[in-house]
Amino acid sequence: MFTNRNGCTIYERIVQNRTPAYIRHTTRAVYWEDTNCQEISSSRSQNSGNDRAPDNKAFISIPAASIDFVPKTGDRIVGEIISDAQPPPTAMTIMAVDNFCYGSPAVQHWEVNAK
């Protein structure tokens with residue numbers, strides 16, 4: 001499976017005493033694609049040129065062999081391995097996780113979309 005980063009850091013969101021807390025996990029090699037899409041606002045004209053704003057998103061493909069836990073929506077993710085105990089302000093929130101851990105072990109992976 002093609003990878004383009006040495007790994008990433010995922011902060012698993014948990015709740016302790018009614019307060020959100022995070023458990024830091026790192027992965028091995030991943031494929032990370034920034035998708036900075038341009039979306040059209042329905043309240044503005046499509047022809048004005050001012051109707052588009054960057055929508056910072058990322059698509060991450062994590063080989064099954066690179067991860068030892070299951071990420072979930074609400075967790076935070078950073079595109080590099082860092083040692084911070086808490087997610088930094090630049091961390092993205094995981095919006096969707098899809099399991100593709102079937103078939104040949106060479107292509108088994110998790111797909112994560114973050115914003």
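**Exercise 1. Place Glu12 in the fold and list what surrounds its residue.**

Step 1: Glu12 sits in strand E1, residues 9–16 (strands, E, are DSSP runs of at least two residues, numbered from the N terminus). Keep in mind that this is a predicted model, where local features need pLDDT of at least 70, side-chain atom pairs count only at pLDDT 80 or more, and totals for chains, interfaces and linings use all residues. Residues are numbered from 1 along each chain as its sequence is written, and side-chain values use heavy atoms, with hydrogens and water left out.

Step 2: Skip the neighbours within four places in sequence, and Glu12 is in contact with Ala21, Tyr22, Ile23, His25, Phe69, Lys72 and Asp75 (contact means heavy atoms within 4.5 Å).

Step 3: With His25, the Glu12 side chain makes a side-chain polar contact at 2.7 Å (a pair of N or O atoms within 3.5 Å; within protein, one must be able to donate a hydrogen and the other to accept it, and residues adjacent in sequence count only if both atoms are side-chain atoms).

**Exercise 2. Trace the salt bridges around Lys72.**

Step 1: The whole structure has 3 salt bridges (a side-chain nitrogen of Lys or Arg within 4 Å of a carboxyl oxygen of Asp or Glu).

Step 2: Glu12 pairs with Lys72, closest N and O atoms 3.8 Å apart. That links strand E1 to the loop between E6 and E7, 60 residues apart.

Step 3: Asp75 also bridges to Lys72, with the closest N and O atoms at 3.0 Å. Shared partners thus join Glu12, Lys72 and Asp75 into one network.

Step 4: Now the exposure: Lys72 is partly exposed at 34% relative accessibility, whereas Asp75 is buried at 0% (buried is under 20% relative accessible area, exposed over 50%, partly exposed in between, with a 1.4 Å probe and protein chains only).

**Exercise 3. Work out which parts the Arg5 salt bridge ties together.**

Step 1: Arg5 bridges to Asp34, with the closest N and O atoms 4.0 Å apart.

Step 2: Arg5 is in the segment before E1 and Asp34 is in strand E3 (residues 31–34), so the pair ties together parts 29 residues apart in sequence.

Step 3: Arg5 is partly exposed at 28%, and Asp34 is partly exposed at 46%.

**Exercise 4. Check how far to trust the model.**

Step 1: The chain's mean pLDDT is 88, and 83% of its residues reach 70 or more (pLDDT is the predictor's confidence in each residue, from 0 to 100).

Step 2: Confidence is lowest in strand E4 (residues 37–40), mean 50, and highest in E7, at 98.

Note on methods. Helices (H or I, at least four residues) and strands (E, at least two) are DSSP runs, numbered from the N terminus.
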